[in-house]
Amino acid sequence: MKPMGPCHRTVAETGSVRAGSGRPARCRIRFPAGVFSLVIHDARGQAPLHTLISGKTPGVFLLAGMLLLAGLAGCGSAPVAEQAAAPREPVSPSASPASGPIPIPGPSAPPPAPVPEAGEWHSPASPARISPRISRGAAGKHFPSPPIQHLGEIEDQLPLARMLDLTARPDDLWDRIRNGFAMPDLDNPLVLDRQAWYAGQGAYLQRMFERGRLYLYHIVDELDKRGMPAELALLPMVESAFNPMAFSGAQASGLWQFIPSTGRQYKLRQNRWYDARRDIVASTDAALDYLSFLYDMHGDWQLALASYNWGENAVARAINKNRARGLPTDYSSLTMPLETRHYVPKLQALKNIISNPQAFGVDLDAIPNQPYFVSVVTEDIDIRVAANLAEMPVEELLALNPAHNRPMISAAQSEALLLPANRVKKFLANLAVRTKPLVSWKPYRLKRGESLGRIAAAHGISLARLKKINGIGARTRIVPGMELLLPIQQPKEAAQPGSLVVPSPGTSPATPAGRKIIYTVKRGNTLAGIARQHRVSVADLRQWNKLRNLIVVAGQKLVIHIGALAKRDKAP
């Protein structure tokens, strides 16, 4: 039985007994602030006459339980609401003084109804009083409950709450993300501004969500393992629009947009073969490590996010500056660059849209709450050969393995190959029966006196293609000892040297060259709709067709390179 009220309570009361003085009395069990007491009171339940047992040891509590079970207390229970409806008779202040002993009535006069003490309530089923605290009127009058005349059983009349299984696994990953939202909301005009912008860019959101389908489960799963808020799974939308090939003017790269120095600090290797800032698994681990460090530093997720965008030292200086001036040091109160000022509002706007997409007119297709990709350990293998073994398009394989700068995956740089979960069995089965070599490229170190043109001619490849394959640009220094990738005569699917060029940073992972078609604009077509239909960007359409604006007319001919690399797609 739960004690009612904050401190001194009557838990149960027996029927009338006789105290040692022969006066009518009552026996009460009390819990004053956790100490068990068995006390003899006068018949009116006001003046304590004798304390039989008192204490807070286990033995005392055991004895209390035995007394209750034996029926000495004879207590019952009833809902508080039921007692509130019981008729109450006001008692004159003179009849119930606030303090002092209450006189015992003589034998010729029946005793008045006992006045319940604070913390008691009456049960219609027993003489026990376990009622709410007595209310007092403006004049200080007491409103006692009527006396109880019969004994009854203890019954729990409260309805049982419906059980909710919070551990149930949602079928839709978006539901899992919503359930994991834990950051305090930011509510300011910048959030409303970004919210309106995103809601008005339906095609942009759909492209971003579609790219995110490949990576979201892995990110959410890693956040759950670390006990981090699910809002962070949306951060790549702000950073890169879920384009792993995104590349900024500050040399930031990948889903999480690590600059070179921070990437090296978090052990993301960067060389001519491989850039771990674009590795889906490695960059996610590094980003969550970095965000955890920033949260531990500030104890505030909004300040941690500002530090991720602006740098922890810059945010620390801004905090110290406000503190020295006696100003608040929260995110909204700091002086910061415009990009950082908009950074958290962008994330909040996306959170609001994903929380209730219908309210913003956004179509949010369900994402299965299961792994999209699986890591497979492999030896050196051409990217095109790996795609053929998995029986999948090359661009889809590159979308999961965007960290490789060359048309082959070097086991020395990355032992793992990411494949869609539904392609792993097919890949392993085809690999087991393959008899041809897995690579059609070999490393070669440039010797003193050799030129790129001579090497290209000796290996049956054009100079332009040799430079493209090896990422050699106008500013690249050609020095002895430079490692080059050269073609060798190998399987048919990889025998065309340079036929596969890995996308360079700043592009989306897709087929590099593409197939050229001529599209005739139909009535009602828009440039954005045509771009979406052919999975290219509006910027590319304008560039290919030298369009000065977004207007197209029926009958107009447009050049489209199917599968061509799109330009970097990121919200302003």
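## Chatting through the predicted model

Biologist: Where does Ala 241 sit?

Modeller: Ala 241 is in the loop between α7 (235–239) and α8 (260–265). Keep in mind that this is a predicted model.

Biologist: Noted. What's phi doing at Ala 241?

Modeller: Phi of Ala 241 is near 55°, which is a positive value in a residue other than glycine. Most residues other than glycine have a negative phi.

Biologist: Buried or exposed, that Ala 241?

Modeller: Buried. The relative accessible area of Ala 241 is 0%, and the cut-off for buried is under 20%.

Biologist: Which residue in the loop between α7 and α8 has a positive phi of about 70°?

Modeller: Gln 251, which is not a glycine either, has a positive phi of about 70°. Gln 251 is placed in the loop between α7 and α8.

Biologist: And why do you call Gln 251 partly exposed?

Modeller: Because its relative accessible area is 39%, and partly exposed covers values between 20% and 50%.

Biologist: Let's step back to α7. Where's Val 238, and how far is Val 238 from Val 344 in space?

Modeller: Val 238 belongs to helix α7. Its C-alpha is 9.1 Å from the C-alpha of Val 344, although the two residues are 106 apart in sequence. Val 238 is buried, with a relative accessible area of 4%.

Biologist: Val 344 is in α12, right? What angle do α10 and α12 make?

Modeller: Yes, Val 344 is one of the α12 residues that touch α10. Helix α10 (residues 301–310) packs against α12 at an angle of about 130°, and the axes are 9 Å apart. The two helices are therefore oblique to each other. Their crossing is right-handed.

Biologist: Which residues make that contact?

Modeller: From α10 you have Gln 302, Leu 305, Ala 306, Tyr 308, Asn 309 and Trp 310. From α12 come Glu 339, Thr 340, Tyr 343, Val 344 and Leu 347. Sorted by type, the residues of the contact of α10 with α12 are 7 nonpolar, 3 polar and 1 charged.

Biologist: OK, now α4. How does α4 meet α12?

Modeller: Helix α4 (residues 189–199) and helix α12 (residues 338–355) have axes that come within 8 Å and cross at roughly 55°. That angle makes α4 oblique to α12. The crossing of α4 past α12 is right-handed.

Biologist: Which side chains should I look at on screen for that contact?

Modeller: On α4, look at Leu 190, Val 191, Arg 194, Gln 195, Tyr 198 and Ala 199. The α12 residues include Arg 341, His 342, Pro 345, Lys 346 and Ile 353. By type, the residues of the contact of α4 with α12 divide into 8 nonpolar, 4 polar and 3 charged.

Biologist: What comes after α12? Where is Leu 364?

Modeller: Leu 364 is found in the loop between α12 and β5. Leu 364 is buried, with a relative accessible area of 17%.

Biologist: Which residues does Leu 364 touch, ignoring neighbours within four places in sequence?

Modeller: Leu 364 is in contact with Trp 174, Arg 178, Phe 209, Ile 354 and Pro 357. Take Phe 209: Leu 364 and Phe 209 are 155 residues apart along the chain, and their C-alpha atoms are separated by 8.0 Å.

Biologist: On to strands. What does β5 pair with?

Modeller: Strand β5 (residues 373–377) is joined to β8 by 5 bridges, and the two run antiparallel. Ser 375 stands opposite Leu 418 in β8.

Biologist: Why would you say β8 is largely enclosed?

Modeller: Because 4 of the 5 residues of β8 (residues 416–420) are buried, strand β8 is largely enclosed by the rest of the structure.

Biologist: And β9, how does it pair with β10?

Modeller: Strand β9 (residues 441–445) pairs with β10 in the antiparallel sense, over 5 bridges. Trp 441 faces Pro 487 of β10 in that pairing. Strand β10 (residues 483–487) is mostly covered, with 4 of its 5 residues buried.

Biologist: Last one, the big picture. How many helices and strands, and how much is buried?

Modeller: The protein has 19 helices and 12 strands. Of its 572 residues, 45% count as buried. And among contacts between residues at least 6 apart in sequence, 66% join residues at least 24 apart.

Terms used:
Residues are numbered from 1 along each chain as its sequence is written. This is a predicted model: local features need pLDDT of at least 70, side-chain atom pairs count only at pLDDT 80 or more; totals for chains, interfaces and linings use all residues. Side-chain values use heavy atoms; hydrogens and water are left out. Axes are lines fitted to C-alpha atoms, for helices over the stretch in contact, and angles run from 0 to 180 degrees between N-to-C directions. Angles under 35 degrees count as roughly parallel, over 145 as roughly antiparallel, 65 to 115 as roughly perpendicular and the rest as oblique. A crossing is left-handed if the near helix is turned anticlockwise from the far one by less than a right angle, and right-handed if clockwise. Contact means heavy atoms within 4.5 Å. Ala, Val, Leu, Ile, Met, Phe, Trp, Tyr, Cys and Pro count as nonpolar, Asp, Glu, Lys and Arg as charged, and the others, Gly among them, as polar. Buried means under 20% relative accessible area, exposed over 50%, partly exposed in between (1.4 Å probe, protein chains only). Two strands pair if DSSP finds at least two bridges between them.
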